[in-house]
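Please look over the model shown here before reading the exchange, in which a student and a tutor work through its fold and surface.

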Amino acid sequence: VVGLELDGGDVIERRVGVGADGRPAHTAQLLGLIDQVLVEAGLKYGQLDRVGVGVGPGSYTVVRVALATAYGLAEALDLEL
């Protein structure tokens with residue numbers, strides 16, 4: 001799940017879909033989903049205040065991808081993680 005909490009408390013959320021192999025396609029879809037919620041909110045990456053990430057439940061690989069993506073965004077944008 002990718003979510004964006006807006007200043008008023010509303011949340012825009014997108015869920016990872018299933019890939020051609022019938023399994024969730026986290027790695028292939030994650031950054032695209034982040035882009036989608038930002039577009040819907042009318043925001044750009046530079047307008048974010050902080051980045052949050054959950055640590056489960058999920059497989060080791062899924063959690064690792066989520067953590068690496070969140071860390072990379074936070075570092076690149078100089079945001080609190």
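The questions below move from the whole chain to one helix and then to a surface patch.

Tutor: This is a predicted model, in which local features need pLDDT of at least 70 and side-chain atom pairs count only at pLDDT 80 or more, while totals for chains, interfaces and linings use all residues. Residues are numbered from 1 along each chain as its sequence is written, and side-chain values use heavy atoms, with hydrogens and water left out.

Student: Which pattern does the chain follow along the sequence?

Tutor: Helices (H or I, at least four residues) and strands (E, at least two) are DSSP runs, numbered from the N terminus. The chain has two helices and two strands, and read along the sequence they give the pattern β-β-α-α.

Student: Against which elements do the buried residues of H1 pack?

Tutor: In H1, which covers residues 26–41, the residues Leu30, Leu33, Ile34, Val37 and Leu38 are buried, where buried means under 20% relative accessible area, exposed over 50% and partly exposed in between (1.4 Å probe, protein chains only). Contact means heavy atoms within 4.5 Å, and the buried residues of H1 pack against strand S1 (2–5), strand S2 (11–14) and H2.

Student: Which residue follows H1, and what is the sign of its phi?

Tutor: Helix H1 has 16 residues. After H1 comes a residue with phi near 75 degrees, which is positive, and that residue is glycine 42.

Student: What is the relative accessible area of leucine 67?

Tutor: Leucine 67 lies in helix H2 (residues 60–77). Leucine 67 is partly exposed, and its relative accessible area is 35%.

Notes. Expected span 1.5 Å × (residues − 1).
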